[in-house]
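Please work through the following exercises with the sequence and the model at hand.

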Amino acid sequence: MYVTLEEAANLLLSGKNVAVPTETVYGLAACCKDKRAIENIFRLKGRPRENPLIVHLSQSSDIYKFAELPVEFEALAKAFWPGPLTLVVPVDPDAVLSSVRAGLSTCAFRVPSHPLARELIKKTGPLVMPSANVSGRPSSTSALHVEEDFGSDFPVLDGGEAAEGVESTIVYFLDKTVVIREGAIPRESLSRVLGVVPEMMPRSNKPLCPGQSFRHYAPRAKLVIARGHHGAVVGFEDRDYGEGELYSLGRSDDAAGVARRLYEVLRALDRDGVSLASVDMEMPDTHLWSTIKERLGRAVSGV
Ligand code: TXA
Ligand code: MG
């Protein structure tokens with residue numbers, strides 16, 4: 001059920017959940033102080049309670065109501081907010097509900113750049129928003145995807161197709177800045193602020209939260225890595241897959257376009273009842289391709 005900005009704000013302020021467009025993927029929103037509405041997010045998504053949520057702000061300066069930022073994070077916020085960067089910082093436990101933080105002493109924050117999201121948050125105050133998909137399914141990049149997962153009665157603020165198509169990049173401060181989830185801002189792009197390309201959080205580190213190891217981004221279809229020649233192929237329109245039925249990610253020289261199409265392609269497999277598809281993983285390991293490869297890798301391996 002499509003709702004207007006005004007209706008979305010009223011629903012949220014009266015304790016309901018609404019799906020909200022952001023520039024990365026659609027979010028499933030609740031007011032950040034509303035215990036019941038937050039509880040309902042976990043129930044609706046089938047999301048484990050140990051997986052914390054991101055608090056979304058309408059402007060960067062609102063972060064100081066919750067937390068202080070390490071100097072490097074100040075610079076990152078200045079350079080990339082509003083936009084697809086999430087900062088995880090220590091917070092005063094009284095400032096953010098425990099259910100939002102999954103009981104951790106840190107909390108994740110971001111200022112989305114989608115104009116509807118920002119307008120909405122101005123009216124409602126900070127919103128928690130996990131991606132608007134049933135847990136373990138591909139994220140939603142359109143209002144239609146939200147309906148696929150939550151039904152046509154579920155309130156959605158339609159903001160068109162998501163401009164980035166993959167989730168925000170999440171950074172964490174661990175004696176130096178590290179990336180804990182690759183996302184719409186490539187790691188390489190963070191170096192213009194940090195001076196170096198930040199590393200991925202070492203795998204040997206114990207997960208910061210169990211949420212990091214949950215199954216993600218996977219369609220129901222079984223995916224295998226191959227440049228397949230029959231059956232369904234997730235691949236590129238400028239490559240030849242013989243007899244394969246192509247689910248096109250776009251052109252192999254257009255990472256931004258591929259990121260935008262990625263979840264629609266994974267969802268299309270399920271819509272068509274495809275049970276087995278091969279995935280062409282031949283793409284670079286750098287920049288936005290690295291994010292795309294990570295998401296496809298998870299969809300293939302089911303972790
Ligand atoms: O682009 C995005 O970030 C989208 C849009 C809606 O903003 N949101 C999103 O939320 O992807 P979600 O819940 O699907 O993923 C957030 C991830 C969690 O899985 C968790 O791993 C991590 O953020 N996270 C949140 N709080 C954390 C914390 N305090 N420490 C470590 N990781 C945290
Ligand atoms: Mg998610």
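Two exercises with worked solutions follow.

This is a predicted model, in which local features need pLDDT of at least 70 and side-chain atom pairs count only at pLDDT 80 or more, while totals for chains, interfaces and linings use all residues. Residues are numbered from 1 along each chain as its sequence is written, chains are lettered from A and ligands numbered from 1 in the order in which they are written, and side-chain values use heavy atoms, without hydrogens and water.

**Exercise 1.** Classify the ring pair of Tyr-217 and Tyr-263.

*Solution.* Step one is the rule: rings of Phe, Tyr and Trp (its six-membered ring) pair if their centres lie within 6.5 Å, and planes under 30 degrees apart count as stacked, over 60 as edge-to-face and the rest as tilted. Step two applies the rule: the centres of Tyr-217 and Tyr-263 are 5.9 Å apart and the planes stand at 15°, so the pair is stacked. Step three adds burial (under 20% relative accessible area, 1.4 Å probe, protein chains only): Tyr-217 is buried at 3%, and Tyr-263 is buried at 0%.

**Exercise 2.** Determine which strands stand at the edges of the open sheet of order 9-12-10-11.

*Solution.* First, the strands (DSSP runs of E, at least two residues, numbered from the N terminus) number four in this open sheet, with parallel pairing. Second, two strands pair if DSSP finds at least two bridges between them; strand 10 (residues 232–235) and strand 11 are joined by four. Third, strand 9 and strand 11 (245–248) each have a single partner strand, so both stand at the edges.

How values were computed: Buried means under 20% relative accessible area, exposed over 50%, partly exposed in between (1.4 Å probe, protein chains only).
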